[in-house]
Amino acid sequence: MELIVEIVIAFFLVVSGIFGFTGSYGLIKLGDPMSRLHAPTKATTLGVGGLLLAAMASIYVFYEHVSLHELLITLFLFLAAPVTAHFIAKSHIHRHENAEDLPDPGDDPDWAVLHHDPEDVHRPSHGPED
Amino acid sequence: MKVVHRLFPHPVLTVFLTLVWLLLVNRFSLNSLLFGLMLGVLIPFVTSPYWPNRTRLRNPLMIVEYVLVVLWDIIVANVVVARLVLFRRNQDMQPNWVTVPLELRNPSAITVLAGTITMTPGTLTADVSSKGHSLLVHCLDAADPDAVRDEIKQRYERRLLEIFE
């Protein structure tokens with residue numbers, strides 16, 4: 001019985017190692033900055049997920065304690081990964097892309113990052129007076 | 001009824017916070033359940049002025065289906081992206097931008113959709129249009145951008161429309 005559990009845990013660890021490695025490798029290998037973003041947001045999710053499953057299984061079998069901490073880590077990861085990717089993508093568009101390179105934004109005049117409205121310009125209210 | 005609404009402005013958040021607290025403690029006891037409930041009541045009560053128009057869930061049971069579909073897609077996404085990274089030469093890939101016009105109007109629903117797109121196969125949300133009527137999605141390898149757009153609308157947005165509006 002214990003052997004089977006150990007094999008399962010080892011399997012999860014190996015899977016997580018492979019996907020973690022692929023994520024990091026993709027970061028180097030892929031060609032342009034936007035493509036590079038794909039590798040860490042996805043491959044790493046399963047990498048960490050496999051590790052957490054292995055941890056839960058081993059704690060349950062060898063310490064006889066149901067540990068659900070790990071689910072929380074997954075939850076935080078799912079919240080953090082898209083937000084981080086979104087930030088990086090936005091700053092990339094802001095600095096390196098023009099409106100002509102991006103597809104048509106449908107019903108609206110432009111994309112949020114490139115949006116420029118003269119009335120929106122923030123004027124500091126406590127500026128130095130001369 | 002009004003008093004109850006005042007005291008519990010966000011019952012789903014209350015349950016959620018209690019659950020998160022129990023998971024943080026990692027050992028079930030009546031003590032931690034009560035403390036978690038206390039936090040679950042206090043935090044929505046204190047922060048309720050910050051979200052005046054809160055989201056209404058029309059069909060909460062659909063969330064279970066949605067989560068299962070997305071979890072499955074995340075596993076598939078990992079394998080697909082790993083294969084692209086390992087076995088496809090860079091010059092053979094066709095990275096592409098896609099515009100996804102939105103039928104969703106609820107900001108929380110759009111946020112969930114954007115997050116889902118980022119976690120699923122070969123797509124990544126990069127931006128939203130200035131009035132919030134479409135999403136800018138980057139595809140890692142899409143020969144046919146229209147198919148990607150249709151799949152996002154079919155698979156995720158349709159379900160979110162049922163859950164939220």
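A salt bridge here is a side-chain nitrogen of Lys or Arg within 4 Å of a carboxyl oxygen of Asp or Glu. With that in hand, welcome to a set of close-ups of a predicted model.

**View 1. R149(B) and D150(B) pair up through their side chains.** The two side chains meet in a salt bridge, with 3.4 Å from N to O. That distance falls within the 4 Å cut-off, so the pair qualifies. Both partners keep some access to the surroundings: R149(B) is partly exposed at 25% relative accessibility, and D150(B) is partly exposed at 41%.

**View 2. Helix α6 of chain B carries a salt bridge between R158(B) and E162(B).** The helix spans residues 145-164 of chain B, and the two residues sit four apart in it, about one turn of the helix. Their side chains meet at 3.8 Å, N to O. Neither residue reaches the buried class, because R158(B) has 35% relative accessibility and counts as partly exposed, while E162(B) has 28% and is partly exposed too.

**View 3. E103(B), K153(B) and E157(B) form a network.** Salt bridges link these three residues of chain B. For the wider setting, the count over all chains comes to 10 salt bridges by this rule.

**View 4. K90(A) reaches across to D127(B).** How far apart are the closest N and O atoms of this salt bridge? They are 2.7 Å apart. K90(A) lies in helix α3 of chain A and D127(B) in strand β2 (residues 123-128) of chain B, so the pair joins two chains. Is D127(B) buried or exposed? At 0% relative accessibility, D127(B) counts as buried, whereas K90(A) is partly exposed, with a relative accessible area of 23%. Across the interface of chain A and chain B, the rule finds one salt bridge.

**View 5. Chain A and chain B meet over an interface of about 3,800 Å² of buried area.** The size of an interface is often given as the accessible area lost when the parts come together. Here 68% of the buried area is on carbon and sulfur atoms. In chain A, the residues that lose the most area to chain B are H38(A), K42(A) and W111(A), together 17% of what that side buries. In terms of contacts, 49 residues of chain A touch 48 residues of chain B.

**View 6. Polar contacts and helices appear on the chain A side of the interface.** Six residue pairs are in polar contact between chain A and chain B, both residues being at pLDDT 80 or more. The elements giving two or more residues to the side of chain A that touches chain B are α1 (2-29), α2 (33-62) and α3 (69-96) of chain A. By residue class, this side divides into 25 nonpolar, 14 polar and 10 charged residues.

**View 7. P9(B) sits in a loop of chain B.** The loop lies between α1 (2-7) and α2 (11-25) of chain B. P9(B) counts as buried because its relative accessibility is 11%, under the 20% cut-off. Follow the chain on to M93(B), 84 residues from P9(B), and the two C-alpha atoms turn out to be separated by 49 Å.

**View 8. Chain B is assigned two domains.** Domain 1 takes in residues 2-50 and domain 2 residues 62-164. Their C-alpha centres lie 32 Å apart.

Methods. Residues numbered from 1 in each chain as written. Chains lettered and ligands numbered in written order. Predicted model: local features only at pLDDT ≥ 70, side-chain atom pairs only at ≥ 80, totals over all residues. Heavy atoms only, no water. Contact = heavy atoms within 4.5 Å. Buried area = accessible area lost by both parts, 1.4 Å probe. Polar contact = N/O pair within 3.5 Å; in protein donor to acceptor, adjacent residues only side chain to side chain. Nonpolar A, V, L, I, M, F, W, Y, C, P; charged D, E, K, R; others polar. Domains from an automatic or database assignment. Buried < 20%, exposed > 50% of the residue type's maximum accessible area, 1.4 Å probe, protein only.
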